[in-house]
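Reader: I should like to examine how the descriptive terms applied to this structure are justified. Please take me through the reasoning.

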Amino acid sequence: MSLDVMLEQVSVNFGSHRALTDITLELEAGKIYGLLGRNGAGKTTLLSLLASYIEPTAGQVRIGGRNPFEHAETMAQVSFVFETDYSEESEKVRGMLQVAERYRPHFDRAYAEELIHLFGLPQDVPVKKLSSGMQSALNAVIGLASRSPVTIFDEVYRGMDAPTREIFYKQLLEDQAGHPRTIILSTHLVSEMDYLFEDVVILHKGRMLLKESIDRLLDRGASITGTAADVDEFVRGMKVLNVQQLGGTKAAMVYGEIDEARRRAAAGKGLDIGPVPLQDLFIHLTGEEGSHEVQSEH
Amino acid sequence: MRSNPSIKARPIRHAGRALRVAADMSWLQLTWSAWFISFVILAYALIEINAQNFMTFAFQPSKVFMLVIGIISVSGFLSFYARFGVTRTAYFCGSSLAAATVAFVLMGFVGVLGSLQHWLIPAPEKVSFLGEDASWLLTVIVYFLNALVYYLAGYVIGAGFYRFGKLGGMLYIVLALAVLFASESMWDLELKDLLNRVVYIGHLPVWGSLLGTLLLAALTLGIIWATLKKVRIKIK
């Protein structure tokens, strides 16, 4: 079963507020996607559409070729994991796993138990009594062990401490290798999670900014290091994101692909060309200037 | 998507999911009911055992209990089941079936306890709005329908608040009150006296009241479904 995700010219309005505008996007099944965007960019709205929490105001959403809204089979195959308000949830951890097992067709109980152990979650404690970090971990356990063909994690890692997040990332990659599915990770923690992404989708102010493989996206940025004068000359006319100088040595981050001839020229001058972290590219692309210049690639 | 060894091959349909929701919600609400009825029995034993039959005594608090669990049936369960990929359709059908199950079991239990009391120990006669000579079965059926309508009235309020927030929710309270007035006036219950001050309502035969209550329940369910079928699921 292939559950490719397709959005065609999708817009969402909440009253007079337009949350998403004309989104066209295709997510091929089986990859890990990073969904990035600043606060209010429309990430959660986009994810709510995939989970059938809302309907689009205009356009079409298709999962596995079908409209997922109120489609029993498709909705059962989409897991939308977000920071849940468990303040009134008196069900115990064990009970939550039982519910997941009853309603999620691919749920793996043994794997869930293993994760519970890894995260150090107590099974017989009501969920509302867990710390927020533990509640996030429980969401992660249910999200991973459900093994839904489309699995969405919307900022679920916020409550977790750094070691717990590391366990989560490691488990995500390991389980994805054995049971490939479409995983969408929406996050602010770009620098910490970029190695997980195969493709990156960036939303900005309710519009699609780009969708690209992480490698291609990273190729769009470069860090040029060398003597100050040489670096200045090399980056003249280029979009400079950031400059750092230590004594006579300067490092400039630039946006834009550098072709082979330019690379050779740089090497000739003893300039070092290195990668730019995704975080910096993201900040640049969604900054007030330049955010409208990128062409999305499909 | 490559094949997943843990896949369960059965197709997923609304009906199957609705039955699961019905079973799960019934079980949970029946546990609450068990607590509730224990307190009612205790209160009855302490204060009312010589004054009136248990069945008559338990009817009023049961209606209030059904109203309350009806109110929380949307906020407590719709988002919860949506998180596990259950459709609104399956939730609605499941929770409505659960409402009927809980009303039936609760009032059936009250009826059985009332008739046991009647046969085993000398107890006051049940005096209900159906008259003293009404059969136990008919009384249980009528109590069941009334309990169900109270649950549905709560359900209407819960659905209204979930979809439209506080302001719209207030209008749904008015709607729920209208449902309760309509039901009570068909059964000569308390609210009818209030209504009679405005419009005089004559006496209906039992079959008319039964049919009228069933129609009212169906209409109420229709309103709830219209409110929920495309509702935006809250992220919370």
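Author: The model is a predicted one. To begin with a definition, axes are lines fitted to C-alpha atoms, for helices over the stretch in contact, and angles run from 0 to 180 degrees between N-to-C directions.

Reader: What angle and what axis distance follow for H3 and H4 of chain B?

Author: Helix H3 (residues 88-120) of chain B packs against helix H4 (residues 136-186) of chain B at about 145 degrees, and their axes are 8 Å apart. The crossing of H3(B) and H4(B) is right-handed.

Reader: What makes residues of H3(B) and H4(B) count as a contact?

Author: The criterion is that C-beta atoms, placed from the backbone, lie within 7 Å. Among the residues making the contact are B:Ala103 and B:Met107 of H3(B), together with B:Phe144 and B:Tyr151 of H4(B). The residues of this contact comprise 16 nonpolar, four polar and no charged.

Reader: Why is B:Gly108, a residue of that contact, counted as polar?

Author: Gly is placed among the polar residues by definition, so B:Gly108 is counted there.

Reader: How many residues does each chain give to the contact between chains A and B?

Author: Chain B contributes 25 residues and chain A contributes 32. On the side of chain B, helix H1 (14-48) and H3 are the elements that give two or more residues. That side divides into ten nonpolar, six polar and nine charged residues.

Reader: How do you know that residues 89-114 of chain B are helical?

Author: The span is 100% helix and 0% strand, and its end C-alpha atoms lie 37 Å apart. The unreviewed UniProt entry annotates residues 89-114 of chain B as "transmembrane region".

Definitions and conventions:
Residues numbered from 1 in each chain as written. Chains lettered and ligands numbered in written order. Predicted model: local features only at pLDDT ≥ 70, side-chain atom pairs only at ≥ 80, totals over all residues. Helix = DSSP H or I, 4+ residues; strand = E, 2+ residues; numbered from the N terminus. Left-handed = near helix turned anticlockwise from the far one by under 90°. Contact = placed C-beta atoms within 7 Å. UniProt positions renumbered as here; feature names shortened; annotations may be inferred.
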